[in-house]
Amino acid sequence: HDRLMGVFGLRMRVQTLRLGDERVELTEFVAPSTGRPVPADRRSTDHAFQHIAIIVSDMDSAYAHLRRHDVAHVSPGPQTLPDWNPAAGGIEAFYFEDPDGHVLELLAFPPDKGAARWHRPTDRLFLGIDHTAIVVADTEASEAFYRDALGFTVAGRSLNYGPEQERLNSVFGAKVRITRMQPPGGGPSVEFLDYLAPATGRPMPEDTRANDLWHWHVRLRTPGLDARAAAMEADGAPLVSPGVQDLPDDALGYRRGLMVRDPTGHALLLTE
């Protein structure tokens, strides 16, 4: 586990939470203790930024529920994206923070947007996780990596700007190039956020470690892990783990794993 995560002397508690068909793993580092906090001046344009998008059946009710739990706002309130944007028009969205400073997003899709499963009749308010969004330094470089190294395909593109987007991200003058990448086996997608303006996002800290609170990783199940790892190393992908690691047990739900970084520095955990 030390070598897998790149943290010497590792002891951690992992809690798996489920929402609909999706799961989120919360990792608490016992030894060494939790690393550095999310910077107080963190901005949505920073390359370390990442969130997960939680789909709700009714935005007003979901927002009222969060207000009752005193969540920290990033957006001033839910935003409805404008109809002039054919890829995003009518989508309702809201950014907020969890207790550790991780950003989460609520999304409510109009009838003509989103996967069919988000429109099934239900009495549930919080339905599942649609995607994780990451800020990228270069859309083309990130698209090539996720396509060629991991088998993702482009599932959608959008260019978002205007007052609604500025309020949603809490970024004045925001103009965001968005690319949705779908993994080959289905499941939540990865969405690239490429800020054309303002182009002031800070790079991922080079000394980021898995116990820093701004660390996220996306876990991908993949066959042929050894061959994939060799190909990624040959292409110069930064490895966190020194090669594929065989774990002593399957307590984490897998027996073999490799952690790598994408071109912007976001962590990916490949498991077999």
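Let's start with Asp 70, which sits in the loop between α2 and β4. Keep in mind that this is a predicted model. Asp 70 has a positive phi of about 55°, even though it is not a glycine. What makes that worth a look? Most residues other than glycine have a negative phi. As for its surroundings, Asp 70 is exposed, with a relative accessible area of 67%; the cut-off for that word is over 50%.

Ser 170 makes a good companion. Here, too, phi is positive, about 55°, and the residue is not a glycine. You'll find Ser 170 in the loop between α4 (163-169) and β10 (175-182). Is Ser 170 exposed or partly exposed? With a relative accessibility of 49%, Ser 170 counts as partly exposed.

Now step back from Asp 70 to the helix it follows, α2. This helix covers residues 59-68, and four of its residues are buried: Met 59, Ala 62, Tyr 63 and Leu 66. Where do these four sit around the helix? They span an arc of only 95° around the axis, so they end up on the same side of α2. Turn to the face pointing away from that buried side and you meet the exposed residues Asp 60 and Arg 68. So what lies over the buried residues of α2? The cover includes a set of strands: β3 (50-56), β4 (72-73), β6 (92-97), β7 (103-108) and β8 (126-135).

Have a look at the start of α2 as well. Asp 58 caps the N-terminal end of the helix. One of its side-chain oxygens lies 3.4 Å from the backbone nitrogen of Asp 60. That is the Asp 60 you just met among the exposed residues on the face turned away from the buried side.

Next, the peptide bonds. Most peptide bonds are trans. In this model, though, the bond from Ala 31 to Pro 32 is cis, with omega near -10°. Pro 32 belongs to the loop between β2 and β3. Another cis peptide bond joins Ala 197 and Pro 198, and omega there is about -10°. To find Pro 198, look in the loop between β11 (189-197) and β12 (217-221).

Finally, let's go looking for gaps inside the protein. Rolling a probe the size of a water molecule over the atoms shows where empty space is left. How many cavities of 30 Å³ or more are there? The count comes to three.

The largest cavity holds about 60 Å³ of space. Its lining is made up of Met 5, Met 12, Val 14, Glu 25, Thr 27, His 217, Leu 252, Tyr 254 and Leu 269. Two strands, β1 (11-19) and β2 (22-31), each supply at least two residues of that lining. Sorted by class, the lining has six nonpolar, two polar and one charged residues.

The second largest cavity holds about 50 Å³ of space. Around it you'll find Ala 48, Gln 50, Met 204, Thr 208, Trp 214, His 215, Trp 216, Arg 261, Gly 265, His 266 and Ala 267. What classes do these residues fall into? Five are nonpolar, five are polar and one is charged.

Notes
Residues are numbered from 1 along each chain as its sequence is written. This is a predicted model: local features need pLDDT of at least 70, side-chain atom pairs count only at pLDDT 80 or more; totals for chains, interfaces and linings use all residues. Side-chain values use heavy atoms; hydrogens and water are left out. Buried means under 20% relative accessible area, exposed over 50%, partly exposed in between (1.4 Å probe, protein chains only). The arc is that of the directions from the helix axis to the C-beta atoms. Contact means heavy atoms within 4.5 Å. A polar contact is a pair of N or O atoms within 3.5 Å; within protein, one must be able to donate a hydrogen and the other to accept it, and residues adjacent in sequence count only if both atoms are side-chain atoms. On a 1 Å grid over the protein atoms alone, a cavity is a set of points where a 1.4 Å probe fits but cannot get out, and a pocket is an open set with protein on both sides within 12 Å along at least five of seven lines; lining residues have an atom within 4 Å of a point. Grid points are joined across faces, edges and corners, and a volume is the space filled by probe spheres set on the points. Ala, Val, Leu, Ile, Met, Phe, Trp, Tyr, Cys and Pro count as nonpolar, Asp, Glu, Lys and Arg as charged, and the others, Gly among them, as polar.
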